[in-house]
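Hello,

Here is the structure you asked about. Please have a look, then read my notes below.

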Amino acid sequence: MKIGIVGLGDIAKKSYLPVLSEKEGIELVLCTRNTDTLNRLAKKYRIKETVNTVDELIEKGVEAVFVSAATEGHFEVAEKLLKSGINTYIDKPISMNFHETETIVKLAKESGKIVMVGFNRRFIPVVKDLKEHGKATIIIMQKNRLNSPDYSRRLVVEDFIHVVDTLRFLMGTEVKELKVEYLKNGQVLDNLIIQLVGDGCTAIGVMNRNGGVTEEIIEYMTTNDKYVVNNLAETTHFHNKEINVSKFGDWESTLFKRGFYQIVDHFIDCVKNNKTPEPSISDSLITHEICERIVKYIDSDK
């Protein structure tokens, strides 16, 4: 199978390229306008085919493409690929512009091709395992960063979207109510708290961009147990007075712990066997819709 990668920025270099370059039965084609980056990475990973434009990539006869360009370029690239009948994986978000996101989802459905958004937290073992412990009644997720307030749309659609999607995944039920609280400092957002309400479950998402630590913590509470996932790598199980801690083995790779091997395998398997990915493009649109509602709520308060 011939697969393209468009955009060779940090996420592609740290995650997608190392994973894809290890896979057997795949011919990779790298695509970026930066010739120096193109040549350096092609040499590093012993990749024979490189191009500078998406049009050239399409001419190479690729069956699928990973879009890992800057977010601002997602729409143009994905639109061109889908109109050319190519299976497409889009690193989140689909677009900063919700109308463009809707357009891509519509094109995906019309094309009949496999289209997937890169919500890797659904594939992280310690996150995925939480659902094996039974239905949660309360879920709390914090994704905090050290001293990095940002404009509401960028903060929500590029970063907080992971919180929204992970909470939806863990809830396993339709979101029937959304509540939003936030703190602005001038034009930028310092923190954001949301509450998602579904049947038998309430999920709370927190992002503090002006706190003292970069961290990611999930608390998953069932009827008789509580599970706390710390920085996507360690799970503490609380039951009455018993406390048990489980961790990854020392030799497990970071990309496995972060779900990148698993999400790449899932997309490729869906392409090979013409299966609908999980999350589907329709499901991913719901996450984007909630984020758009959050941004509009914040921005309406001038």
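**Overall fold**

In the protein chain, 67% of the contacts between residues at least 6 apart in sequence join residues at least 24 apart. Please keep in mind that this is a predicted model.

The protein chain has ten helices and 14 strands. Its C-alpha atoms fill a box of roughly 60 × 50 × 35 Å along the principal axes. The radius of gyration is 20 Å. A compact globule with 302 residues would have a value near 19 Å, so the two agree. Of the 302 residues, 51% count as buried. The exposed surface of the protein chain comes to about 14,600 Å². Carbon and sulfur atoms supply 45% of that surface.

**The eight-stranded sheet**

Eight strands make up an open sheet with mixed pairing. Their order is 8-9-10-7-11-12-13-14. Strand 8 (177–185) and strand 14 (242–247) are the edge strands, and each pairs on one side only. Neighbouring strands in this sheet are turned by 10° against each other on average, direction ignored.

Inside the sheet, strand 7 (residues 138–144) and strand 11 (residues 215–221) run antiparallel. Seven bridges join them. Met 141 stands opposite Ile 218 of strand 11.

Two helices to look at here. Helix 7 (residues 152–171) packs on the sheet. It touches strand 7, strand 9 (188–198), strand 10 (201–208) and strand 11. The direction of helix 7 makes about 25° with that of strand 9. Helix 10 (residues 281–299) also packs on the sheet, where it touches strand 8 and strand 9. The direction of helix 10 makes about 45° with that of strand 8.

**His 288**

Stay with helix 10 for a moment, as His 288 lies in it. Is His 288 buried or exposed? Its relative accessibility is 4%, so His 288 counts as buried; the cut-off for buried is under 20%. What is His 288 in contact with, leaving aside its neighbours within four places in sequence? The list is Pro 93, Ile 94, Phe 98, Thr 101, Val 117, Phe 119 and Ile 161.

**The six-stranded sheet**

Six strands form an open sheet in the order 3-2-1-4-5-6. The pairing in this sheet is parallel. Its edge strands are strand 3 (49–51) and strand 6 (115–117), each of which pairs on one side only. From one strand to the next, the twist averages 20°.

Strand 4 (residues 64–67) pairs with strand 5 (residues 87–90) in the parallel sense, over four bridges. Val 65 has Thr 88 in strand 5 as its bridge partner. Helix 2 (residues 35–44) lies across strand 2 (27–31) and strand 3. Helix 2 runs at about 160° to strand 2.

**Cysteines**

How many disulfides are there? The count comes to zero, with a cut-off of 2.5 Å between cysteine sulfur atoms. Take Cys 291 as one case. The closest cysteine sulfur to that of Cys 291 is in Cys 201, 18 Å away, which is too far for a bond. Cys 291 counts as buried because its relative accessibility is 2%. Cys 270 also counts as buried, at 0% relative accessibility.

Best regards

Notes. Residues numbered from 1 in each chain as written. Predicted model: local features only at pLDDT ≥ 70, side-chain atom pairs only at ≥ 80, totals over all residues. Heavy atoms only, no water. Pairing = 2+ DSSP bridges. Axes fitted to C-alpha atoms, helices over the stretch in contact; angles between N-to-C directions. Contact = heavy atoms within 4.5 Å. Rg over C-alpha atoms; globule rule 2.2 N^0.38 Å. Buried < 20%, exposed > 50% of the residue type's maximum accessible area, 1.4 Å probe, protein only. Areas by Shrake-Rupley, 256 points an atom, 1.4 Å probe, with all protein chains shown as cover.
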